[in-house]
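Here is a short report on one strand and its neighbours. Please keep the sequence and the model in view while reading.

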Amino acid sequence: MYTNDSKQLSQEITPKAVFEGRRDLIKSAAAGAFGLALAPWFSREALANNSQKLLATPNPNFILKEESTSYKYVTGYNNFYEFGTDKSDPAAYAESLQTRPWTVTIEGLVKKPMTLDIDALLKLAPMEERIYRMRCVEGWSMVIPWDGYSLSKLLNQVQPLGSAKYVEFISLADRKQMPGLKSQVIDWPYREGLRLDEAMNPLTLLTFGLYGETLPKQNGAPVRIVVPWKYGFKSAKSIVKIRLTEEMPKTSWSQFDAREYGFYSNVNPLVDHPRWSQATERRIGDPKGVFAPKMKTQMFNGYGDQVASMYSGMDLKKFY
Amino acid sequence: MLGDKISLMKLLIFLLALLPLDRLIFLGFTDGLGANPIEFITRSTGTWALVFLCLTLAMTPLRLLTSSTSWIRYRRMLGLFSFFYASLHFAIWLWLDQDFDLAEMLKDVLKRPFITMGFISFVLLIPLALSSTHWAQRKLGRRWAQLHRLIYLIACTVILHYWWHKAGKNDLDTVTIYAVVLLLLLCCRIPYIRKLLGKRSTI
């Protein structure tokens, strides 16, 4: 099953040689027309890739009719402020991230706190491929085949105490590896959080790869979470610590401006971000290019069946 | 002789000023606009409108510094290019983002301060572009200069537009640079500083 899929997958991706050939062609055309000095300005590709194959079994419950966003865009258009604020910065600068050795510490209100090596984490549960929609708070979206397993499998190992109500995720913050830390855009390290029931929801994916390969560094290697019914910034990247708490954790963006970024940040077309409407979204890589119409954003990003019950009785306009 | 030189320079500036548009067209035809092409062309045209606004406002300080009036001959074209890129910026937003839905557009203008500022800037630029001809200049006489002082206000609304847009993600490095440049250019209009700049050149 898996090998079939991966073969099909690799056929869809533009082979590297063709890709680079095309790039050269663009460059030489640009040089001819406008002079060498301007050539870089006329071609804007940057790609770093040192990912390895990751064996994962497709989960039939998470296959989408929508076409997956191309690997090029999934790995070239990222918000990962630790490497710069421009969407192309992570692909250009994440090379300096050291993903091995890597450990994740799980602590706080748990019976069995532990520090796990990335290799141990990779083997903790069977790796699944799940195709999720990803909706950014900025109004764009992608469809991404992630590889990982439910976070609940890890949390069950550490055995949360009865008093634990929330889970906090803390990302790596190392100035030597992350040039973006020089700017004070965010109070580093990046911190995110979920309510314990949200973290235990089977949809919440502890993620190690995408497109059948280990996570590219710009996508939050070596381990991140993916919470598909919430805006993208809720899905913390390059996690080094998971802490279970009784109090609602202070999350980075909501600390920056609680009015704009709530703790819950569930995808909700009815609750606008102060700076833009959330009613519609732009799907990255739409073949119609600039003329592609925007699509309607779905409540809970289309995952209402699996998650809406967690919020029954809650005023989602108040708890945005 | 001087006239020839200025005509040649004007032609050169005209061609150079079209390069940002050439680039967008080229990238559009070579699949080079990246993952979010609309965001890319919106931001690019907006940035270039701002760059040309800065260049337009730089002509008077340059005239004072060099005591050469030829700078002023380029000012109108630079200003019109600022309007040109601002129009593209506005059209892309109205067409590709709002889908020509005027009611939605007005709602956005009223609801979101950064769009309010962008909209005001664009609307204020229109009378300046329309009255940029020699004919209008003659007709309006002294009022022409008064009218065109609007550009100082536009410089402020434009920066607010950009600043409030970027404040959402606390990504203020680039907009700070533009704000400082515009602030310096506006300071050159303060009579005392204006006099200093003028004096320097005669020494």
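In this predicted model, strand β5(A) pairs with strand β12 (residues 280–283) of chain A in the parallel sense, over two bridges. Strands here are DSSP runs (E, at least two residues), numbered from the N terminus. Two strands pair if DSSP finds at least two bridges between them.

β5(A) has further partners. The table lists its pairings.

| Partner of β5(A) | Sense | Bridges | Opposed residues |
|---|---|---|---|
| β12(A), residues 280–283 | parallel | two | W140(A) and R282(A) |
| β4(A), residues 128–135 | antiparallel | eight | D147(A) and E129(A) |
| β8(A), residues 205–210 | antiparallel | five | W146(A) and L210(A) |

β4(A) and β5(A) form a hairpin with four residues between the strands. There, G139(A) takes a positive phi near 100°.

How many residues of β5(A) are buried? Of its 11 residues (140–150), 10 are buried, so the strand is largely enclosed by the rest of the structure. Buried means that 20 or more other C-beta atoms, placed from the backbone, lie within 10 Å of the residue's own; 12 or fewer means exposed, and in between is partly exposed.

Now the confidence. Chain A has a mean pLDDT of 88, and 84% of its residues reach 70 or more. pLDDT is the predictor's confidence in each residue, from 0 to 100. Residues 1–12 of chain A fall below 50; beyond near neighbours in sequence, this stretch has seven contacts in the model. A contact requires C-beta atoms, placed from the backbone, within 7 Å. Where pLDDT is low, the predicted coordinates should not be read in detail.

Residues are numbered from 1 along each chain as its sequence is written, with chains lettered from A and ligands numbered from 1 in written order. Local features need pLDDT of at least 70 and side-chain atom pairs count only at pLDDT 80 or more, while totals for chains, interfaces and linings use all residues.

Key. Contact = placed C-beta atoms within 7 Å.
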